Amino acid sequence: MFQKIRNRLLLFNLIVFAIVLAGFAIVVRVIFVRSLSQQVTDRLTVLGQGVTVDAELEDGKLEIEEHWEVRDLAARQGGLQWFDTKGNLLKQQGEHNVNLPFNPKKTIKLQTNGSKIKAVTLPIYDGETRQLIGYIRVSQSLEEFDETIQQLDLGLGSGVIFALILSGIGGIWLNRQAMQPIEESFTRLKQFTADASHELRNPLMAIKSSAAVALKYPEGMRDNDKEKFTAIASATNQMTQLTEDLLLLARTDKVIDTERKIINLQEVISSLIQLYKSQAEAKKIDLQVEIQSNLLLLGDVKKLNRALGNLIQNAIYYTHKGGKITVKANPVSSQIQIKIEDTGIGIAPENLERIFERFWRVDKSRSYESGSSGLGLAISQAIVQNHGGSITVTSQLGVGSCFTVLLPASNQIH
């Protein structure tokens, strides 16, 4: 039980930590990409301004001079494009130029067909007259930019994974330390429950015996005294059943049964049907059975009888006269499925999660009518889980309920 809680805590901690790390990584990536992109833009702008500083207009034509920056374009994976004031291409230098239509209003362009290229378009003014004499478009390949982003993504992704691994290891240790006092308290509580239930047996047996003797020899006993002794005997029976149930739960939660053997579930269910058949007939309930043969499993016969018996008895108790109960058992893959379906009062949807809680009852107005301790379904769940199985319930209010038990099947044959 506590292992499941530790696993859930670890899972939730890792999910929250992963979300935090992912958010942090996204923010870092966005800021870094924007900063790097702005650096590329600034570098292209400075290059363009340096190339155009000596540009002149002679006889109506734009004069272009060679610069060391231009000769270094191949190494920089860049390119230059010169345009006149009407947008006509005059000259092109370098291999990485933008193949998009010229538009002086857009200063930055990005070409995604083939290789990615970023370009900055700058106006060229005459140094003396400050007259617009043309445009220059400076471009650079984003291959190096993309490689840098890929390295960033790899680094952030590796960091997040490594942090999650470390967090998982630390979470396991922290959860174990945090759960240890709770586990110790729960163990002491179970031990106290088992000890108290065991110690209550003797005084309850004495009270039960004394009440039985008094009721056996009623001579000289007043009528109201007889009623009191009857109430004492009834209350003693309920207390005895309660202590036995608590002791069984404490023992079932504490250890795994060692006295297990291969049993045929068909025989177990058939004997239970015979046991509860008279109760069903008393309420005129149609008790039907559909069981396949050779349903073998490894288990404790007494405890499985108790678990399945509680479910059948519960179905009889909550099914009205003239109702119907169907008990089915058949193999499903590597498991054995047992279904106990009734046409009883049903369970409200908001109560389905509480049905296996200890001392919780569907019909609280009839809590002690049958002398039940309110632990039947909790005991059944504990026994089934102790056998490596599971128990679930589906129900519709006023229509009925269906309890489904899954137990691991055994491959051995008698």
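# Structural report on a predicted single-chain model

Helix α7, formed by residues 301-317, lies across β11, β12, β13 and β14, and its direction is at about 25° to β12. This description, like the rest of the report, rests on a predicted model.

## The five-stranded sheet and its helices

The strands that α7 crosses belong to an open sheet of five strands with mixed pairing, in the order β9-β11-β12-β14-β13. Because β9 (286-291) and β13 (390-396) stand at the edges with a single partner strand each, one side of each has no neighbour in the sheet. From one strand to the next, the twist averages 10°.

A further helix, α6 (residues 265-282), lies across β9, β11 (324-332) and β12, and runs at about 175° to β9.

Within this sheet, β11 and β12 pair in the antiparallel sense over eight bridges. In that pairing, I325 stands opposite D342 in β12. The two strands form a hairpin with two residues between them, and S333 in the turn has a positive phi of about 60°. Strand β12 (residues 335-342) also pairs with strand β14 (residues 400-408), again in the antiparallel sense, over seven bridges. Two positions illustrate the register of β12 against β14: I336 has L407 as its bridge partner, and the bridge partner of I340 is F403.

## Loops beside the sheet

V399 is found in the loop between β13 and β14. Is this residue buried, partly exposed or exposed? V399 counts as partly exposed because its relative accessibility is 47%, and the partly exposed class extends from 20% to 50%. Leaving aside residues up to four places away in sequence, V399 touches D342, T343, G344 and I345. The C-alpha atoms of V399 and D342 are 8.4 Å apart, although the two residues are separated by 57 residues in sequence. D342 is also the residue opposite I325 in the pairing of β11 and β12.

P349 has its place in the loop between β12 and α8 (376-386). With a relative accessible area of 63%, P349 is exposed. P349 and L397 are 48 residues apart in sequence, and their C-alpha atoms are 7.9 Å apart in space.

## Strand β7 and its partners

Strand β7 (residues 132-141) is largely enclosed by the rest of the structure, because nine of its 10 residues are buried. It pairs with strand β3 (residues 78-83) in the antiparallel sense over six bridges, and with strand β6 (residues 117-125) in the antiparallel sense over nine bridges. Q140 in β7 takes part in both pairings: G78 stands opposite Q140, and Q140 is also the bridge partner of K118. The hairpin of β6 and β7 has six residues between the strands, and R130 there takes a positive phi near 60°.

The antiparallel pairings described above are collected here.

| Strand pair | Sense | Bridges |
|---|---|---|
| β3 and β7 | antiparallel | six |
| β6 and β7 | antiparallel | nine |
| β11 and β12 | antiparallel | eight |
| β12 and β14 | antiparallel | seven |

## Helix α4: a salt bridge and a nonpolar patch

How many salt bridges does a search of the whole structure find? The search finds one. In it, the side chains of R29 and D153 meet at 2.6 Å, N to O. The pair links distant parts of the chain, with R29 in helix α1 (residues 2-51) and D153 in helix α4, 124 residues apart. Both ends are partly exposed: R29 has a relative accessible area of 32%, and D153 has one of 31%. Side chains of opposite charge can pair when their charged atoms come close.

Helix α4 (residues 143-216) also contains I165. I165 is partly exposed, with a relative accessible area of 47%. Together with I161, F162, L166 and I169, I165 forms a nonpolar patch on the surface, and the five residues have about 520 Å² of accessible area together.

## The chain as a whole

The chain has eight helices and 14 strands. Of its 414 residues, 37% are buried. Among contacts with a separation of 6 or more, 67% are between residues 24 or more positions apart. The accessible surface comes to about 24700 Å², and carbon and sulfur atoms account for 55% of it.

Note on methods. Residues are numbered from 1 along each chain as its sequence is written. This is a predicted model: local features need pLDDT of at least 70, side-chain atom pairs count only at pLDDT 80 or more; totals for chains, interfaces and linings use all residues. Side-chain values use heavy atoms; hydrogens and water are left out. Patches are made of residues with over 30% relative accessible area and no salt bridge: like charges are joined within 9 Å, nonpolar side chains (Val, Leu, Ile, Met, Phe, Trp, Tyr) within 5 Å. Accessible areas come from the Shrake-Rupley method with a 1.4 Å probe; for residues, only the protein chains shown count as cover. A salt bridge is a side-chain nitrogen of Lys or Arg within 4 Å of a carboxyl oxygen of Asp or Glu. Helices (H or I, at least four residues) and strands (E, at least two) are DSSP runs, numbered from the N terminus. Buried means under 20% relative accessible area, exposed over 50%, partly exposed in between (1.4 Å probe, protein chains only). Contact means heavy atoms within 4.5 Å. Two strands pair if DSSP finds at least two bridges between them. Axes are lines fitted to C-alpha atoms, for helices over the stretch in contact, and angles run from 0 to 180 degrees between N-to-C directions.
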